Amino acid sequence: MPASYLTDIIALLVAAVIAVPLAQTLRLGAVPGFLLAGVIVGPSGFGLISNISDISHLSEIGVVFLLFVIGIELKPSLLWKMRRLVFGLGSLQILITGLIFTALAYFLFDVSANAAILIGPTLALSSTAFVIQLLVSQKMVTSTYGRSSLAVLLMQDLAVVPLLALVPLLSAPELTIDNSIWLTLIESVSIVVMVVFLGRFFLHPILHRVALSGSPEVFTASAVLIVMGTALATEHAGLSMAMGAFLAGMLISDSFYRHQVIAEIQPFRGLLLGLFFMSMGMSLNLQLLIDKPLLTFALLALLIAIKVIALFPINYFFGLKTKNSLAVALLLAQSGEFSLVLFSLANQSNLIPTPLFQQLLLVVLLSMLVTPLLARWAESLARKPEQEVDTTSQDITEAPIVLAGYGRVGHTIGEILTLSDKPFVALDGDAAIVGRERANGHPVYFGDVRKPEVLKSAGASDAKVIIVTINDPEATEEIITSLRKTYPDKQVYARGHNLSQCQVLSQLGATGVVSENIEASLELARMALSGLGEKEEDLTRTIEDFRHTCHGRIANASPMESEDETKVSG
């Protein structure tokens with residue numbers, strides 16, 4: 001690797017390590033931190049990096065991974081459950097806000113018709129990554145305000161796909177409705193159909209064979225290959241890489257390998273997406289802000305005002321109370337990462353001239369920087385009681401129980417939960433077990449439960465109870481430690497082999513631990529004593545007294561018991 005590239009990477013890493021934690025400390029979020037890091041190392045800052053174009057090309061892969069994850073999360077079942085808010089509220093927001101911005105760009109700012117058609121709906125988009133991060137930090141995802149914001153973001157994410165396809169169509173000056181536009185549309189639709197067909201019949205069998213191999217490195221390579229391969233195929237066919245990644249994500253969204261794939265992709269997505277935001281920060285022309293401060297801040301105020309004024313009555317029309325309607329409008333008042341992507345593609349395609357691109361880029365980035373302030377205002381409004389019922393929460397609530405492991409013990413627990421009508425999601429790292437249980441209709445997904453990203457993807461953040469049933473003492477201890485650190489308030493129950501391990505798991509933070517050896521011994525003793533004519537009430541009392549004693553030892557005794565005592569107790 002040339003020394004210049006190594007120096008650039010080190011400069012980016014140092015800037016990110018300093019700027020991102022600082023931004024998070026100031027409650028601005030990670031995205032403004034990456035943007036500020038890019039400004040610092042770019043031409044407008046210390047000028048540490050000059051080859052911005054090369055870094056921008058690499059950073060585009062981050063957007064590809066983001067679209068892939070968005071495609072996985074936009075499952076058809078989720079969209080159907082939230083259809084009223086997604087396709088009603090979300091569509092109206094994009095349509096009305098987009099028309100206003102298009103009209104202003106064309107009539108007031110004298111932008112060309114083709115460019116205005118793209119600028120309008122693009123400015124209507126908000127920052128999915130930023131807003132979801134803010135909702136999670138506010139712990140408001142499941143509130144009416146959070147659900148409504150999420151619904152609008154889902155529709156905006158769907159709208160990105162046709163907007164990506166619109167860029168090359170609007171960029172072609174010779175394109176006319178009478179001839180090539182129909183040919184282009186037919187070609188685009190054919191490509192999408194072909195990708196969907198091939199993915200539907202080949203993606204799942206490929207992942208299944210890779211999972212059976214038992215090699216996590218090969219599975220990681222396969223996940224990256226699916227994303228990049230589909231993206232590259234659609235790009236060669238004339239569509240965008242981002243659209244191909246989105247289609248690949250949609251194809252995997254209903255696969256029982258989705259959680260493991262998300263876990264493998266997340267580190268690449270986070271790092272490369274951060275690089276994308278830094279490249280946008282490096283492209284920021286601060287001199288434009290210095291030369292035209294009044295125009296820039298006037299455009300920023302106009303952007304936020306129009307989005308708030310347009311979205312507020314739509315929210316109210318869809319049943320949100322006044323304060324929640326205003327809260328949602330404030331939270332979504334910025335433009336987001338997809339606006340940066342679309343404007344960058346439009347500039348590269350000569351649809352938007354560079355001076356206009358620089359002005360749009362500056363306004364979008366500034367709108368993202370002021371979002372934390374708007375989010376605080378929105379949170380204060382949303383937390384005020386208005387006796388409002390969330391009509392969608394029950395439809396999209398995650399399963400309240402997550403089973404880590406679905407072998408003998410996990411399978412039994414799953415059957416009991418099913419008989420009790422308690423929904424759950426189970427994870428297991430054995431592809432054969434997952435395939436068999438899925439064929440029997442059980443909600444089991446493939447995933448390495450030792451990875452926190454897999455549990456998070458399966459809904460551990462929203463679950464009330466997590467049960468660890470895997471037959472691996474060291475892995476169980478690792479999982480309990482991670483869960484207790486990540487989710488200190490969750491109920492976490494674990495399977496232990498003997499008294500010594502149960503003591504360790506209890507000290508690591510497990511809410512409750514059961515020794516399978518002790519329970520098997522108790523049941524055998526019960527049957528033997530019953531066969532000898534022991535009275536049922538005396539038998540029950542003896543068993544419960546012994547169980548109580550064991551539980552007390554698990555909770556209070558040191559795990560450094562002697563090996564002999566462990567063997568006798570287990």
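Asp-421 counts as exposed, at 65% relative accessibility. Exposed means over 50% relative accessible area, buried means under 20%, and partly exposed lies in between (1.4 Å probe, protein chains only). Asp-421 sits in the loop between α20 (408–419) and β2 (424–428). Its phi is positive, about 60 degrees, although Asp-421 is not a glycine.

This is a predicted model: local features need pLDDT of at least 70, side-chain atom pairs count only at pLDDT 80 or more, and totals for chains, interfaces and linings use all residues. Residues are numbered from 1 along each chain as its sequence is written, and side-chain values use heavy atoms, with hydrogens and water left out.

**Positive phi angles**

Asp-110 also has a positive phi and is not a glycine. The loop between α5 (83–108) and α6 (113–124) holds Asp-110. At 70% relative accessibility, Asp-110 counts as exposed. Gly-509, just after α24, takes a positive phi too. The table lists these residues.

| Residue | Phi | Place |
|---|---|---|
| Asp-110 | about 55 degrees | loop between α5 and α6 |
| Asp-421 | about 60 degrees | loop between α20 and β2 |
| Gly-509 | about 120 degrees | just after α24 |

**The whole chain**

The chain has 27 helices and 6 strands. Both are DSSP runs, numbered from the N terminus: helices are H or I with at least four residues, strands are E with at least two. Of the 570 residues, 51% count as buried. A contact means heavy atoms within 4.5 Å. Among contacts with a separation of 6 or more, 73% join residues 24 or more positions apart.

**Around Ile-480**

Ile-480 lies in helix α23 (residues 473–486). Is Ile-480 buried or exposed? Ile-480 is buried, with a relative accessible area of 1%. Leaving out residues up to four places away in sequence, Ile-480 touches Val-468, Val-492, Ala-494, Leu-505, Leu-508, Gly-509 and Ala-510. The C-alpha atoms of Ile-480 and Gln-507 are 9.9 Å apart, and the two residues are 27 residues apart along the chain. Helix α24 (residues 499–508) has its own buried residues: Leu-499, Ser-500, Gln-501, Cys-502, Gln-503 and Leu-505.

**Two packed helices**

Two packed helices are described by the angle between their axes and the distance between the axes. Helix α12 (residues 258–283) packs with helix α17 (residues 354–369) at about 125 degrees, with axes 10 Å apart. Axes are lines fitted to C-alpha atoms, for helices over the stretch in contact, and angles run from 0 to 180 degrees between N-to-C directions. α12 and α17 are therefore oblique to each other. Angles under 35 degrees count as roughly parallel, over 145 as roughly antiparallel, 65 to 115 as roughly perpendicular and the rest as oblique.

Which residues meet? Phe-277, Met-280 and Ser-283 in α12 meet Gln-358, Leu-361, Leu-365 and Met-368 in α17.

**Confidence**

pLDDT is the predictor's confidence in each residue, from 0 to 100. The chain averages 79, and 86% of the residues score at least 70. Among the elements, helix α14 (residues 293–317) has the highest mean pLDDT, 93, and helix α27 (residues 563–569) the lowest, 35. Residues 386–397 stay under 50, and the model has 24 contacts for them beyond four places in sequence. Residues 557–570 are below 50 as well, with 22 contacts beyond near neighbours in sequence. Where pLDDT is low, the predicted coordinates should not be read in detail.
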